[in-house]
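Reader: Could you take me through one part of this model closely? I would like to hear about the pocket and the helices around it.

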Amino acid sequence: PFRQLDVTLATLTPWTKQMRSQYASGSLRVHLATLKAALTIARKAGLIEHRADFPTLAPGPARRGFYSPAEASAHLAAIQDRDAGDLAMFLYLTGWRFNEGRQLAWTEVDRAAGVITLSAERTKTREGRTLPMVGEVAALLERRFKKRRLGCPWVFHRNGRLVTEYRFRADFAAALDRAQLA
């Protein structure tokens, strides 16, 4: 535990290096940002005279592991469960986060206008967005519309229930093996 007077660039730098072994870069950034914000508020409120400078974290390594469109096509075709396959296809086509696609409700899909509207409350960035339904996305949503169930609000469901993350990941991994991409 640090006292506020002990929080300096000289103490934060080695602490940050030590925490890198315990936290992912994104989590460590959140910890540092939270501490920095708390000290900034305390300074503005007159509770402390000075807020320390904070170390700048080097960016993490660039993401790797992307596959070509041909590999993606082979992988998606190898998903045997069509409900999980449709969700995987939607995520691939849109670049949406897993739960944004998984929890997509029919109330967010305007077939007449040809758009999907994701509310700000459902996004990580807290910024809503609109996605036009064109091409493969439109065809996929029409297929899902034909599979909708009375009383089920979800676009991507398995027998009226949300596709679970565990089952989806298992289907996704098995398809990688079947497509010989693992």
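Author: Happy to; here is the pocket, followed by the helix contacts beside it. This is a predicted model, in which local features need pLDDT of at least 70, side-chain atom pairs count only at pLDDT 80 or more, and totals for chains, interfaces and linings use all residues. Residues are numbered from 1 along each chain as its sequence is written, and side-chain values use heavy atoms, with hydrogens and water left out.

The largest pocket has a volume of about 680 Å³. A pocket here is an open set of points on a 1 Å grid over the protein atoms alone, where a 1.4 Å probe fits, with protein on both sides within 12 Å along at least five of seven lines. Grid points are joined across faces, edges and corners, and the volume is the space filled by probe spheres set on the points. Lining residues, those with an atom within 4 Å of a point, number 18, and F66, Y67, L91, W96 and F172 lie nearest the pocket's centre. By class, the lining has 11 nonpolar, two polar and five charged residues (Ala, Val, Leu, Ile, Met, Phe, Trp, Tyr, Cys and Pro count as nonpolar, Asp, Glu, Lys and Arg as charged, and the others, Gly among them, as polar).

Helix 3 (69-77), helix 4 (82-94) and helix 7 (165-178) each supply at least two lining residues; helices are DSSP runs of H or I, at least four residues, numbered from the N terminus. Helix 7 gives the largest share, four residues.

Now to how these helices pack. The axes of helix 3 and helix 4 come within 9 Å and cross at roughly 160°, where axes are lines fitted to C-alpha atoms over the stretch in contact and angles run from 0 to 180 degrees between N-to-C directions. That makes the two helices roughly antiparallel, a label for angles over 145 degrees. In their contact (heavy atoms within 4.5 Å), P69, A72, L76 and A77 of helix 3 meet R82, A88, M89 and Y92 of helix 4. Seven of these residues are nonpolar, none polar and one charged.

Helix 4 and helix 7 pack at about 80°, with their axes 10 Å apart. They are therefore roughly perpendicular, the term for 65 to 115 degrees. Here A84, L87, A88 and L91 in helix 4 meet F168, D171 and F172 in helix 7, a contact of six nonpolar, no polar and one charged residues.

Note on methods: Parallel < 35°, antiparallel > 145°, perpendicular 65-115°, else oblique.
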